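Student: Could we go through the pockets and the ligand of this model together?
Tutor: Gladly, let's look at it first.

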Amino acid sequence: MHLRAMGIAATDVLSAMERVPREIFVPAQMQDQAYEDIALPIGRGQTISQPFVVAAMTQALEIGDRDKVLEIGTGSGYQTCVLAHLCRRVYSIERHKPLLLQAEKMFHRLKLHNITAIAGDGMKGWPDQAPFDRIICTACAQGEPPPPLLDQLKTGGILVIPVATGGHQVLRRYKKEGDDTFAVKDLMPVRFVPLLPHLATASENENDDYAMPA
Ligand code: SAH
């Protein structure tokens, strides 16, 4: 009801979010905050996005049930599960291997079998599985989306990605109209962790600061 009051009108998005229990994606000591409309830490310096932002990004993707969706930044896996209820298959890439393993436990627990997730650098997209109907990136790009993400979108496809310009982040929607032409629309100001190159190093992964649900 809160999301609806905030302007999320797509009933398929609202019901997909209703079906994913957010409390299992947040640290044990924060479960009482799982249904507040705020981002929460998930370890490795990363966060699970605010529910309103998950809803707004998902709604902006206009997903159809036959769609093949690429997600960059699996994180907790919460957004991945919301997508999995709306499309044919989700391909998700995360640069922190420990986060990916934890997210995969949740996909299994929720019996979502239409998700394929790997540890890797999502800035390169997923060439073997391209092209995609929809691409969502849940970490913030500097200036422009990584070119592989625009390349790996089908004509008619949609990319939703936070982009930083001049110190501000904006959520941007790219609709591919031809091989190299896009209709671009700014949706709203946002705050995301940065999109970073390469797999996370062992020392980045050591920063295991929160106890996640088993
Ligand atoms: N959708 C997630 C949000 C996680 S925060 C959720 O709701 O839980 C963004 C995630 O993007 C982080 O886990 C971060 O490690 C990851 N990330 C950043 N750069 C990346 C890259 N190049 N490839 C893959 N994942 C990346």
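Tutor: Helices (H or I, at least four residues) and strands (E, at least two) are DSSP runs, numbered from the N terminus. This is a predicted model, where local features need pLDDT of at least 70, side-chain atom pairs count only at pLDDT 80 or more, and totals for chains, interfaces and linings use all residues. Residues are numbered from 1 along each chain as its sequence is written, and side-chain values use heavy atoms, with hydrogens and water left out.

Student: Which strand gives the most to the shell around the ligand?
Tutor: A residue counts as near the ligand if one of its heavy atoms lies within 4 Å of it. Strand 2, strand 3 and strand 4 each bring at least two residues to the shell. The top contributor, with three residues, is strand 2.

Student: Which residue has a polar side-chain atom 2.6 Å from an oxygen atom of the ligand?
Tutor: Let's use polar contacts, pairs of N or O atoms within 3.5 Å (within protein, one must be able to donate a hydrogen and the other to accept it, and residues adjacent in sequence count only if both atoms are side-chain atoms). A polar backbone atom of Gly122 is 2.8 Å from a nitrogen atom of the ligand, and a polar side-chain atom of Thr138 is 3.2 Å from a ligand nitrogen. The partner of the ligand oxygen at 2.6 Å is Ser76.

Student: How much of the ligand's area does the protein bury?
Tutor: Ser76 and Gly122 are among the residues that come nearest to the ligand, out of 26 around it. With its polar side-chain atom, Thr138 reaches to 3.2 Å from a ligand nitrogen. Accessible areas come from the Shrake-Rupley method with a 1.4 Å probe (for residues, only the protein chains shown count as cover). Taken alone, the ligand exposes 580 Å², and the buried share is 99%.

Student: Which pocket is the space taken by the ligand?
Tutor: On a 1 Å grid over the protein atoms alone, a pocket is an open set of points with protein on both sides within 12 Å along at least five of seven lines, whereas a cavity is a set where a 1.4 Å probe fits but cannot get out; lining residues have an atom within 4 Å of a point. A molecule sits in one if more than half of its atoms lie within 2 Å of its grid points. The ligand takes up the largest pocket.

Student: Which helix gives the most to the lining of the second largest pocket?
Tutor: That pocket is lined by 16 residues, with Met1, Leu3, Met17, Glu18 and Tyr35 nearest its centre. Helix 1 (2–5) and helix 2 (11–18) each supply at least two of them. With four residues, the answer is helix 2.
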